[in-house]
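User: Please take a close look at one residue of this model and what packs against it. Then work outwards to the rest of the chain.

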Amino acid sequence: MDEHVRRLLNRVSIALAAVATAALLQLFHHSSSCLVGSHPYSSSLSLAPFPRTSCDAASRRVVDPDLRLAKLRASPRWRRRNAALSAAVFPRLRRLVLLRRSSRVLCVAAGAGQAVDALHVAGVGDATGVDLVDFPPLVRRADPHNLPFFDGAFDVVLCDDPQALTGALFPSRFAAEAERTVRLGGAIALAVERHVDLSTVASLFKKSRVVDAWNATLDGSAVSMAILINNGKSAKQ
Ligand SMILES: *[C@@H]1O[C@H](CO)[C@@H](O)[C@H](O)[C@H]1NC(C)=O
């Protein structure tokens with residue numbers, strides 16, 4: 001009887017060891033495949049609505065970009081975000097005659113390109129999306145601290161990610177690059193989290209002044225929005 005119990009326990013412990021090994025292998029495989037696609041700024045990546053994690057980012061490459069965009073467009077979350085941008089942000093820019101159908105718009109921290117898509121839907125054809133991680137077809141890779149565009153190349157620079165500026169490695173550099181790439185008299189429209197003091201944000205932009213500020217809800221998160229006009233003067237030094 002003792003012998004029988006001992007053998008049974010032996011078998012159980014061997015089975016458990018096998019299960020644990022399999023689990024470890026699985027874990028190792030999973031984490032290493034995530035690391036391949038992970039990014040030094042993975043915190044800002046995971047804050048973007050799509051993709052949610054660096055694992056999603058790693059696997060996204062195998063998907064056809066146009067198919068993926070079609071899928072994203074069909075998702076309720078994407079539609080909500082588009083509706084919010086169209087209702088809460090674009091009319092304010094239009095009212096100030098800062099956004100037209102012919103405007104050239106740069107979307108920084110564009111994530112999967114929701115703002116680019118919303119602009120297209122609103123009839124603004126010339127919208128470019130950039131982020132630290134490329135996300136074709138709407139977003140290509142560019143560092144917001146060092147934008148690969150000429151001075152004054154855009155009429156509007158839009159940042160609808162409320163964590164992009166405050167979470168940037170060098171927020172003042174981020175702001176300076178937005179100011180450099182927007183033309184004189186052009187607009188910078190940005191979202192920041194509701195608790196962030198807008199005057200602190202405004203002080204980062206040395207050549208622009210705030211012309212509109214309001215509270216909005218983007219994707220369920222409470223944000224403060226600001227529109228600044230680039231007047232080229234370094235009055236706030
Ligand atoms: C936005 O909301 C915050 C806190 O809820 C408030 O302090 C601030 O004055 C509001 N800003 C505007 C422009 O309405």
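Analyst: **Thr181 and its surroundings**

Leaving aside residues up to four places away in sequence, Thr181 touches Leu106, Leu147, Phe149, Phe150, Gly152, Ala153, Phe154 and Val157. The model is predicted. Thr181 lies in helix H7, which spans residues 171–181. Its relative accessible area is 0%, so Thr181 counts as buried; the cut-off for that class is under 20%.

Two of the elements that supply these contacts appear again around helix H6. Leu106 falls within strand S1 (104–107). Phe154 and Val157 fall within strand S4 (154–159). Both strands are among the elements that cover the buried residues of H6. The others named there are helix H4 (65–74), helix H5 (76–95) and strand S2 (126–131).

H6 itself runs over residues 114–121. Six of its eight residues are buried, so the helix is mostly covered. The buried ones are Gln114, Ala115, Val116, Asp117, Ala118 and Leu119. After H6 comes Gly123, with a positive phi near 95°.

Several loops have backbone geometry to check. Most residues other than glycine have a negative phi, and most peptide bonds are trans. Val97 has a positive phi near 55° and is not a glycine. Val97 sits in the loop between H5 and S1. Val97 is partly exposed, at 49% relative accessible area. Ala109 is another non-glycine residue with a positive phi, about 50°. Its loop connects S1 and H6. Ala109 has 14% relative accessibility, so it counts as buried. A cis peptide bond joins Pro136 and Pro137, with omega about 5°. Pro137 belongs to the loop between S2 and strand S3 (139–141).

Next come the strands after H7. S5 covers residues 182–193. It runs antiparallel to S7, and seven bridges join the two. Within that pairing, Ile188 stands opposite Leu228 in S7. S7 spans residues 221–230 and is mostly covered, with eight of its 10 residues buried.

S7 also pairs with S6 (residues 208–218), again in the antiparallel sense, over 10 bridges. One such pair is Arg209 with Ile229 in S7. S6 and S7 form a hairpin with two residues between them. In that turn, Asp219 has a positive phi of about 60°.

S6 leads to the ligand. Arg194, Ala213, Trp214 and Asn215 surround the ligand. Of these, Ala213, Trp214 and Asn215 fall within the residue range of S6. A polar side-chain atom of Asn215 lies 2.3 Å from an oxygen atom of the ligand. On its own, the ligand has 360 Å² of accessible area, and the protein covers 35% of that. By class, the shell holds two nonpolar residues, one polar and one charged.

Now the whole chain. It has 237 residues, and 42% of them are buried. Its secondary structure comes to eight helices and seven strands. Among contacts with a separation of 6 or more, 65% link residues 24 or more positions apart. The exposed area is about 12600 Å², and carbon and sulfur atoms supply 60% of it.

Back to the starting point. Thr181, in H7, is buried at 0% relative accessible area. Its contacts include Leu106, Phe154 and Val157.

Terms used
Residues numbered from 1 in each chain as written. Predicted model: local features only at pLDDT ≥ 70, side-chain atom pairs only at ≥ 80, totals over all residues. Heavy atoms only, no water. Near = heavy atom within 4 Å. Polar contact = N/O pair within 3.5 Å; in protein donor to acceptor, adjacent residues only side chain to side chain. Areas by Shrake-Rupley, 256 points an atom, 1.4 Å probe, with all protein chains shown as cover. Nonpolar A, V, L, I, M, F, W, Y, C, P; charged D, E, K, R; others polar. Buried < 20%, exposed > 50% of the residue type's maximum accessible area, 1.4 Å probe, protein only. Helix = DSSP H or I, 4+ residues; strand = E, 2+ residues; numbered from the N terminus. Pairing = 2+ DSSP bridges. Contact = heavy atoms within 4.5 Å.
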